[in-house]
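Colleague: I have just opened this model and would like to learn how to read it. Could you walk me through a few features?

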Amino acid sequence: MKNTIFLTLMLALVFAGCKKEDPTLTLGLNGLEDVGADFRYEGWVMIDGSPVSTGTFSVDADGALSQTEFALEDIDIESATAFVLSIEPFPDSDPAPSAVKYLSGDFSGDVATVNTDLVADFSSATGAFLIATPTTSDMTDDLSGVWFIDNGSAGLNLPALAEGWIYEGWAVINGTPISTGTFTSGNAPDNSAIFSGPEAAPPYPGEDFIMNAPAGLTFPVDLTNMPIVVSVEPVPDNSTAPFTLKPLSGSSPATGTMVGTSYDMANNSAGLPTGTVTRNVD
């Protein structure tokens, strides 16, 4: 009897030791930003063409993820073909991914290298802007407006964005980013003119900083040597600052800024968020 009990215990220990652990997913993502208390990031693996959630997480002001390893109970992770990262409302009652899909990549072996190509391919994006104030006849404030125009034509060559995203222009005035408005195309006006004057504006994105200055700023301003940025923003957007996706940036010269002269913007696609996702199957 004692031998039988001992053998039973030993077999139980052997089978317990051989029990397969739940697979895990490890995220090594760079360049993410805090999306605020009302949103969370959520990972998804594509299995048989359908998205399966791997869990949600937040990111702090330093870009650190609140969680980087996720246990995947009842998920056939070995069948996953791709990983997608979305931005979801919090709390979220919808079990499906939102339209704001951010990073993605296909698995090669057990690793998926992810990037922002799901939003758009920004590698060929180009931009130019000029400093002028076409919406006011005052000749003393000519350095207080920025328009995305290049020699009289559209100054932005940008790819179409995936659903859930929109472009936004910015002038960083004395360290404070001020929106010039959101837009979907560089060949049409943006959706805002709250700071511009009463005269007709060019049919392109841009803004004159003439009236309705935000607290802490005084208009008109001198935009000499101040950063000009084009960002890509999630929809909806709960922040008054530019999102981390900034495909184009530039600045007028530190001295000698010429009214109506176009200045080129730099392509920042090489510095956009990226990373790896690793599946660990015991």
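Colleague: Let's begin with D74: is it buried or exposed?

Modeller: Keep in mind that this is a predicted model. A residue counts as exposed when its relative accessible area is over 50%. D74 has a relative accessibility of 81%, so it counts as exposed.

Colleague: Where does D74 lie?

Modeller: Look at the loop between β4 (69-71) and β5 (80-89); D74 is found there.

Colleague: Which residues gather with D74 in a patch of negative charge?

Modeller: On the surface, D74 is joined by E21, D22, E73 and D282 in that patch.

Colleague: Let's follow the chain into β5. How many of its ten residues are buried?

Modeller: Here the cut-off is under 20% relative accessible area. Eight of the ten residues of β5 are buried, so the strand is largely enclosed by the rest of the structure.

Colleague: How should I think about strands pairing?

Modeller: The general idea is that strands of a sheet pair through backbone hydrogen bonds, in either a parallel or an antiparallel way. In this model, β5 runs antiparallel to β2 (residues 39-47), and nine bridges join the two. M46 has A82 of β5 as its bridge partner. β5 is also joined to β6 (residues 101-108), by five bridges, and this pair is antiparallel too. There, V84 stands opposite S104 in β6.

Colleague: How do I read the order of strands in the open sheet?

Modeller: Go from one strand to its neighbour. Five strands make up this open sheet, in the order β14-β13-β16-β17-β19, with antiparallel pairing.

Colleague: Which strands stand at the edges?

Modeller: Those are β14 (176-183) and β19 (266-267). Each has a single partner strand, so one side of each is left without a neighbour in the sheet.

Colleague: And what joins β17 to β16 and to β19?

Modeller: Five bridges link β16 (residues 227-234) with β17 (residues 245-251), and these strands run antiparallel. As an example to find on screen, V232 stands opposite L245 in β17. Two bridges join β17 to β19, again antiparallel. For that pair, look for S249, which stands opposite A266 in β19.

Terms used:
Residues are numbered from 1 along each chain as its sequence is written. This is a predicted model: local features need pLDDT of at least 70, side-chain atom pairs count only at pLDDT 80 or more; totals for chains, interfaces and linings use all residues. Side-chain values use heavy atoms; hydrogens and water are left out. Two strands pair if DSSP finds at least two bridges between them. Helices (H or I, at least four residues) and strands (E, at least two) are DSSP runs, numbered from the N terminus. Patches are made of residues with over 30% relative accessible area and no salt bridge: like charges are joined within 9 Å, nonpolar side chains (Val, Leu, Ile, Met, Phe, Trp, Tyr) within 5 Å. Accessible areas come from the Shrake-Rupley method with a 1.4 Å probe; for residues, only the protein chains shown count as cover. A salt bridge is a side-chain nitrogen of Lys or Arg within 4 Å of a carboxyl oxygen of Asp or Glu. Lys and Arg count as positive and Asp and Glu as negative; His and the chain ends are not counted. The place of a charge is taken as NZ of Lys, CZ of Arg, CG of Asp or CD of Glu. Buried means under 20% relative accessible area, exposed over 50%, partly exposed in between (1.4 Å probe, protein chains only).
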